[in-house]
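The following paragraphs lead the reader through one structure, from its aromatic contacts to its backbone. Please keep the sequence and the model in view while reading.

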Amino acid sequence: MGSVKGEKFRFCIDRGGTFTDIYAEVPGEPAFRVMKLLSVDPSNYDDAPIEGIRRILEGCTGEKIPRSSKIPTDKIEWIRMGTTVATNALLERKGERIALCVTKGFEDLLKIGNQARPNIFDLKVSMPSTLYEEVVEADERIELVLDGEEEANNQSFVKGISSELIRISKPLDEEALRPLLKGLLAKGIGCLAVVLMHSYTYPQHELAVERLARSMGFKHVSLSSKLTPMVRAVPRGLTATVDAYLTPVIKEYLSGFMSRFDEKGSDGVNVLFMQSDGGLAPERRFSGHKAVLSGPAGGVVGYSQTLFGLETEKALIGFDMGGTSTDVSRYAGTYEQVLETQIAGAIIQAPQLDINTVAAGGGSKLKFQFGAFRVGPESVGAHPGPVCYRKGGELAVTDANLVLSTVIPDYFPSIFGPNENEPLDIEATREEFRKLSVVINSHRKSQDPLAKDMSIEEIALGFIDVANETMCRPIRQLTEMKGHETRNHALGCFGGAGPQHACAIARSLGMTEVLIHRYCGILSAYGMGLADVIEEAQEPYSAVYGEESVSEASRREAILSEQVKLKLRDQGFGDGSITTESYLNLRYEGTDTAIMVKKPEKGGSSYAEEFVKLFQREYGFKLQNRQILICDVRVRGVGVTNILKPQLVNRVFEAPKAEKCYKVYFGGGWKETPLFKLENLGYGHVIDGPAVIMNGNSTVIVEPGCKANITKYGNIRIEISSVPNTISLSEKVADVVQLSIFNHRFMGIAEQMGRTLQRTSISTNIKERLDFSCALFCPNGGLVANAPHVPVHLGAMSSTVSWQLKYWGDNLKEGDVLVTNHPSAGGSHLPDITVITPVFDMGKLVFFVASRGHHAEIGGITPGSMPPFSKAIWEEGASIKAFKLVENGIFQEEGIIKLLESSSIDGKVGVPGTRRLQDNLSDLRAQVAANQRGIGLIKELIEQYGLAHVQAYMGHVQTNAESTVREMLRSVAAKVSKQTNIGNSGDSVLLEEEDYMDDGSIIHLKLSIDGKKGEAVFDFDGTSHEVYGNWNAPEAVTAAAVIYSLRCLVDVDIPLNQGCLAPVIIKIPPGSFLSPSDKAAVVGGNVLTSQRITDVILTAFQACACSQGCMNNLTFGDDTFGYYETIGGGCGAGPSWNGTSGVQCHMTNTRMTDPEIFEQRYPVLLHRFGLREKSGGAGKFKGGEGLVRDIEFRRPVVVSMLSERRVHAPRGLMGGKNGGRGANFLIRRDKRRVYLGGKNTIEVEPGEVLQILTPGGGGWGCPE
């Protein structure tokens, strides 16, 4: 399959969401043909790729090929294609009807997933729908053998594929399964996805299910163990459902596609399809779970193989801006792959290129909301598309570019309107912008009567600036989170819309070089012709890294290598065209962070040395004295094709000639701008900006101050001028465009601080459960931006910063870093340690950055620092009110160790300090590093805009959030007034609500809303006194609940900052359990009381019924290990929605450990994890169901439960019934059920089962 100079046509096709791009090489010509068609155009053709092939063959040969007739294959050498058929079926939920077969007890496993909700501020908790319609449970069970059990037990064990010993505790009951499968066929379901517990190491039961299903007539069966033989049942099962759901659709599409060719069909033409991993596969091997990134993968192959090493030695950021979204990737000599990704709510576990998709493209909607410009995430789609498409669409990024003349209608195909023969409609676009300008200018006048009206062009440019910043945010994250500096990259830009934005985006990211391929508008299609055929083989292997295990891994690697070579030989590749790459998937013991390590060159370093190097680069540290574990062995076979080669262009010496001049609008106004056609330019041409270079269907904008060079391969290299030192802005009144940009920049800084913290931390809680938050603050301690990781941290850090500012006063200097965790100093509970860094400019305090992380161990009366029975704060661990963790730039290790190792207060002794000191120190250093990252980014911002402007916009973003919340409060007042006929035309509304903790303590809220001013008073007078227990909640927890509730009610993506609380007064009676003394125990306030406060606020607003009102905290362990989890439950129903079942509600969103990992690492068996039937409250809209979790312990451990809603049920609203109360039981070996209450610690024996029933959500409205 080497390079052949054939006499036949070659087609490279990318069928995208909006357009289908085709690159065709024509026999007997040095030239090529390029075509762009709308992907969906039912009135003109059935299938865009077939239509493109037909038109090119007809145009080049002169032979008429009617649309109804078949395509002749005698003139086609090969077709390479990427398609979004799979992606679209997934997005639109139009796949095959399928059922799921799982191990008994796990019917709801994939529905629950990791129990985290996608959008923490969505009260409806909109979860992606499941792909399967029915579930059948297979009565079977495989258990992993515990270390030491093999000697103590004479039972016969089996060695799994991964080398783990297993016990078949329940063989598969095929006869019980048969009628269940028969029932599925009777319902018309003929496709099955199968995931059985531990099938990654013992697939025999899954294979038996497949044989049975096939024998009964199922047309397609996807086995999780075949598709991704890796530990973790949830992603493996979800991958199997994606494959079962999509493969039949793909097969049907491919069958239809192939049927459009003459009778020779697939025998007459070589057709290969692009997979998500950047490799090609023949039709018969192209399956659903490997197809979802088919199109974007072509682009990554395209830019990497044509630019890296040929045009630049810099690492590349791929920037593919299409119609509906933008794909961002990175290439530095090898393809960066991930083994797991989430697309359209479906988790897919398979090797795929690391491509990050941003909901911003040419079709992103433009909106003016709450005084700020907003771009996306909604898209106008391909149909009806932007206003200029002449199909009645809405304003989009493409329209803004059209107004600025960065899209020039003369050079855009006339494929619009009902007959697809009209050009872009500039007049309609200008008219829509004119209407929007009335709204925008009216708002600006209300803020500043002297404000000058913004022109249509200024508004369009403003939207482009905001769109660019929207796309810069994920690019920064992609590079920084892997330990790379964004500015050290070149921007490899392609896609239809990308080259219009390239200069601005590169400048914003600090890059100096942009590379645009000559085929940039169709580079995804062109990339299909540069890709190789890929075959993969992988199997699990669980072992401690060492001489013996490496030898065994090499043996397995050799077998897998032979398997992939055989598959490639079957496809016509000779051994000279086949290469293989071997990998070991390695991780440190005690972490979940595995890295796929490529086999080092002979004579080079070992796998382990390579792993340590990669781990340190990505996470910033080494783990000392930790074993390295092998998880999987993988071999990637490559069939090298060498089909398309880069072509040199002629060198030219004469000056470039412009085709025409156009007026183009840039920041300084309209500029006379020459337009060049790339086809008339040659190697050596240099073009100074401003300029437009037309590259086929793509418009390349060379901005003023930039310079474009044509390279020897005919590509465009643009040198980016440096960023202007400062940008002049009005400080008194927020500029509507800059407001959006600064919102993005501030939030981006908080997010990148979070990425740094996650990357450099060591503990599972921070690195994997994501129990942390990062934020930046004004010099007075007011919150500017808070990356929304854990809701209970929202806004709470502001009081922490303010307390420290008051405490230290003028005793803060450059090089100081503060640490605190005490509730009376603005903390939440002791495990949440906050690290605060004051930042100075010319000796003046200008802002603060802070990061808060949940440390899994901080001392106290129980391991894990979450004691159910603590009665005073000194029993809960080490407490720090104020300490300089770093002073004058020196880390105060001795001082912090002393504080962490002592939890004595007021002379109380005998309670242990932290049991994991080194983990605490590592995570504290990570928090310092995260703050340092934030400081660096803000200093960059100050360098660009000037300190006065940055500080002005710190104020403006808060004012913007304040006006948004005021508007929401006005609308709530009007709505409640109308519903209840109280108040005067919504001017003033008084609402009262209360609820009870399980001990009878009352949370009472009197909520007064001033509808005229848009203000509210949250008065908690009447709340019970401080309790002799640990569910006292510091004031910061109530503030977090208020800000979270307001953000949910606003339902607009506003930044979380102090402005949200500006129209709000929170009154908490001192001495109540919402404002306890500094001696009170508070560990449960953060995880239990926070949920009850939120329920009270949301029911007062009549927003939704009560959710489970609890986090169901479970800890267990002994002297050698500890485990902690929070368990989801039912969400409350709302005025138009049913509550979501089995999910984390409100103030937490941490993830659940996968069942297989749970059993692999801890001495437990999970017998059941599913939804708790009939626990959701009845109503017109039903409350969500709680969860059932049955855990059998396999050795003696101490178990602690800290939970609520075991006495008082989650209440329904507007006549809806209450949700079911939770319950915790211990089932003894003699089957006795012992009720444990809501809060308890118990020593458990082997064979005993802990059963946790979590509460359901309340219903809404009277049941019909």
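Over the ring of which residue does the charged end of Arg1189 sit? The charged end of Arg1189 sits over the ring of Phe1169, 4.5 Å from its centre. Such a placement is counted if NZ of Lys or CZ of Arg is within 6 Å of the ring centre and within 35 degrees of the ring normal. Another case is Arg80, which lies over the face of Trp78 at 4.9 Å from the ring centre.

The model is predicted, so local features need pLDDT of at least 70 and side-chain atom pairs count only at pLDDT 80 or more, whereas totals for chains, interfaces and linings use all residues. Residues are numbered from 1 along each chain as its sequence is written, and side-chain values use heavy atoms, with hydrogens and water left out.

Aromatic rings also meet one another, and the structure holds 35 aromatic pairs. Rings of Phe, Tyr and Trp (its six-membered ring) pair if their centres lie within 6.5 Å; planes under 30 degrees apart count as stacked, over 60 as edge-to-face and the rest as tilted. The pair of Phe1116 and Phe1193 is edge-to-face because the ring centres are 5.2 Å apart and the planes stand at 80°. This pair links distant parts of the chain, 77 residues apart: Phe1116 belongs to strand 45 (residues 1113-1117) and Phe1193 to strand 48 (residues 1186-1193). Helices (H or I, at least four residues) and strands (E, at least two) are DSSP runs, numbered from the N terminus. Phe1116 counts as buried at 3% relative accessibility, and Phe1193 is buried at 0%. Buried means under 20% relative accessible area, exposed over 50%, and partly exposed in between (1.4 Å probe, protein chains only). Elsewhere, ring pairs join Tyr253, Phe257, Phe261, Phe273 and Phe286 into a cluster.

Helix 8 comprises 27 residues (residues 233-259). Its expected span, 1.5 Å times one less than its number of residues, is 39 Å, and the end C-alpha atoms are 38 Å apart, which agrees. The helix nevertheless bends by about 30° at Leu246, and Pro248 follows within four residues. Here the bend is the angle between axes fitted to the seven residues ending at a residue and the seven starting there. Because 22 of its 27 residues are buried, helix 8 is largely enclosed by the rest of the structure.

The backbone calls for separate attention. Most residues other than glycine have a negative phi, and most peptide bonds are trans. Val125, however, has a positive phi near 50°; Val125 lies in the loop between helix 3 (109-112) and strand 6 (132-138) and is buried, with a relative accessible area of 5%. Ser405 likewise has a positive phi, of about 65°, and is found in the loop between helix 11 (397-403) and helix 12 (426-447). A cis peptide bond, with omega about 5°, joins Gly689 and Pro690. Pro690 is placed in the loop between strand 29 (686-688) and strand 30 (691-695).

A polar side chain provides the last local example. Asn786, in strand 35 (residues 783-786), is buried, with a relative accessible area of 1%. A polar atom of the Asn786 side chain lies 3.5 Å from the backbone oxygen of Cys774.

Definitions and conventions
A polar contact is a pair of N or O atoms within 3.5 Å; within protein, one must be able to donate a hydrogen and the other to accept it, and residues adjacent in sequence count only if both atoms are side-chain atoms.
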